[in-house]
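The following exercises invite the reader to examine the structure shown below. Each task is followed by a solution that proceeds step by step.

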Amino acid sequence: MDFQDNRPKLLGMTLAELTDFAVGLGMPRFTGKQIAEWLYKKKVASVDEMTNISKRNRDLLHAHSTVGRYVPLCSELSTDGTRKYLFEVKNNGKVEAVYIPDGERATLCISSQIGCKMDCLFCMTGKQGWKGNLSAAEILNQVFSVEESDLITNIVFMGMGEPLDNLDAVLRCIEVMTAEWGLAWSPKRITLSTVGVRKGLERFLNETTCHLAVSLHNPYPEERMEIMPAEKGMALMDTLDLIRQYDFSGQRRVSFEYIVFRGRNDSPQHAAQLAKILKGIPCRINLIRFHKIPDVDLAPVNDARMEEFRHSLENKGFTATIRASRGEDISAACGMLSTKKQMGL
């Protein structure tokens, strides 16, 4: 992929945009639909493969655009079958995507930014700072260019970056994934994770019916701020107030992610406060094991403590699950994505 190539990328364009683009080059309007089918149904990587478009028009497309597809730099396979991919993006940036097979379910965890601004204490991505937003083409390329692309059943925006901090590109990707002219997936196959970016969250909830996952990790605002600086400007209680305005009692789900740290958020009082602030919200609480990262004074809890915390929430009427750790041996588990090659580690 030549990242100095400034030609428009076809990948990530909507049907209307592809149609306008084709017409602008002097092609018939129906060419836009043809291009969309080649891009999103047949998943071609080159204009040359669009064989029902005339040679003249393919030459025009070559001259004025590029598909925007390219292969990952490398991948690593975990002993549990998880595979982590490294993709190059603009400005010499690199991002990671993680493929997680689980029986009939196959999830791809994708990135939306180069690094992250949120700087959560427990997350390696934030340690490299923020170096830019990914374009819709760069996000979708992760979905289209992993080896297992045709096996994917679910997408989670839980990779590098805060998805709601790059919302225009993320919403464009969701449109491509769910539109009939695109991948035609059910929105229920897509989950977006956020720390709670207010304006972005409102748009996401109003403009999609995809699932929502909120990074919570501590029910006390002052303690949450110690590990999640975003709490200062994006208060958890404001996020919960907003969520209560939407219906999550049907097919659309909201879940709350809670990494359990020894001596920091694992007490019975924390469980009771968590149940208190989530009261009345139909939800699932995902308890996550902490994966140690360098130079961070946080520690995981043992299995018995994790079970105690889960039982405490269940006794208060909540559905709580302990998320299985996947890909820890290749630094692909929750909070471990960091593009070590980029960071020189």
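**Exercise 1: An aromatic pair**

Tyr 40 counts as buried, at 1% relative accessibility (buried means under 20% relative accessible area, exposed over 50%, and partly exposed in between, with a 1.4 Å probe and protein chains only). The model is a predicted one, in which local features need pLDDT of at least 70, side-chain atom pairs count only at pLDDT 80 or more, and totals for chains, interfaces and linings use all residues. Residues are numbered from 1 along each chain as its sequence is written, and side-chain values use heavy atoms, with hydrogens and water left out.

Task: Describe the aromatic pair that Tyr 40 and Trp 181 form.

Solution. Step one is the rule: rings of Phe, Tyr and Trp (its six-membered ring) pair if their centres lie within 6.5 Å; planes under 30 degrees apart count as stacked, over 60 as edge-to-face and the rest as tilted. By this rule the count comes to seven aromatic pairs. Step two is the geometry: Tyr 40 and Trp 181 are 5.9 Å apart centre to centre, with 50 degrees between the planes, and the pair is tilted. Step three is the location: Tyr 40 belongs to helix α2 (residues 30-41) and Trp 181 to the loop between α6 (167-178) and β8 (190-194), so the pair ties together parts that are 141 residues apart in sequence. Helices (H or I, at least four residues) and strands (E, at least two) are DSSP runs, numbered from the N terminus. Step four is the burial of the partner: Trp 181 has a relative accessible area of 19% and is buried.

A second pair can be treated in the same manner. The ring centres of Tyr 85 and Phe 87 are 6.4 Å apart and their planes stand at 35 degrees, so this pair is tilted. Tyr 85 is buried, with a relative accessible area of 1%, and Phe 87 counts as buried at 1% relative accessibility. Finally, ring pairs link Tyr 40, Phe 144 and Trp 181 into a cluster.

**Exercise 2: Two helix packings**

Task: Determine how α1 and α2 pack, at what angle and with what distance between their axes.

Solution. Axes are lines fitted to C-alpha atoms, for helices over the stretch in contact, and angles run from 0 to 180 degrees between N-to-C directions. Helix α1 (residues 15-24) and α2 pack at an angle of about 125 degrees, and their axes are 7 Å apart. That angle makes α1 oblique to α2 (under 35 degrees counts as roughly parallel, over 145 as roughly antiparallel, 65 to 115 as roughly perpendicular and the rest as oblique). The contact (heavy atoms within 4.5 Å) involves Leu 15, Leu 18, Thr 19 and Ala 22 of α1, together with Thr 31, Gly 32, Lys 33, Ile 35, Ala 36, Leu 39 and Tyr 40 of α2. The residues of this contact divide into seven nonpolar, three polar and one charged. Here Ala, Val, Leu, Ile, Met, Phe, Trp, Tyr, Cys and Pro count as nonpolar, Asp, Glu, Lys and Arg as charged, and the others, Gly among them, as polar.

Task: Carry out the analysis for α7 and α9, stating the angle at which they pack.

Solution. Helix α7 (residues 198-207) and helix α9 (residues 236-243) pack at about 20 degrees, with axes 11 Å apart. The two helices are therefore roughly parallel to each other. On the α7 side, Arg 198, Leu 201, Glu 202 and Leu 205 meet Asp 238, Thr 239 and Leu 242 in α9. The residues of this contact divide into three nonpolar, one polar and three charged.

**Exercise 3: Positive phi**

Task: State where Asn 92 lies and what phi it has.

Solution. Most residues other than glycine have a negative phi. Asn 92 has a positive phi of about 60 degrees although it is not a glycine. Asn 92 is placed in the loop between β2 (83-89) and β3 (93-102), and with a relative accessible area of 63% Asn 92 is exposed.

Task: State where Ala 184 is placed and whether it counts as buried, partly exposed or exposed.

Solution. Ala 184 is not a glycine, yet has a positive phi of about 60 degrees. Its place is in the loop between α6 and β8. At 33% relative accessibility, Ala 184 counts as partly exposed.
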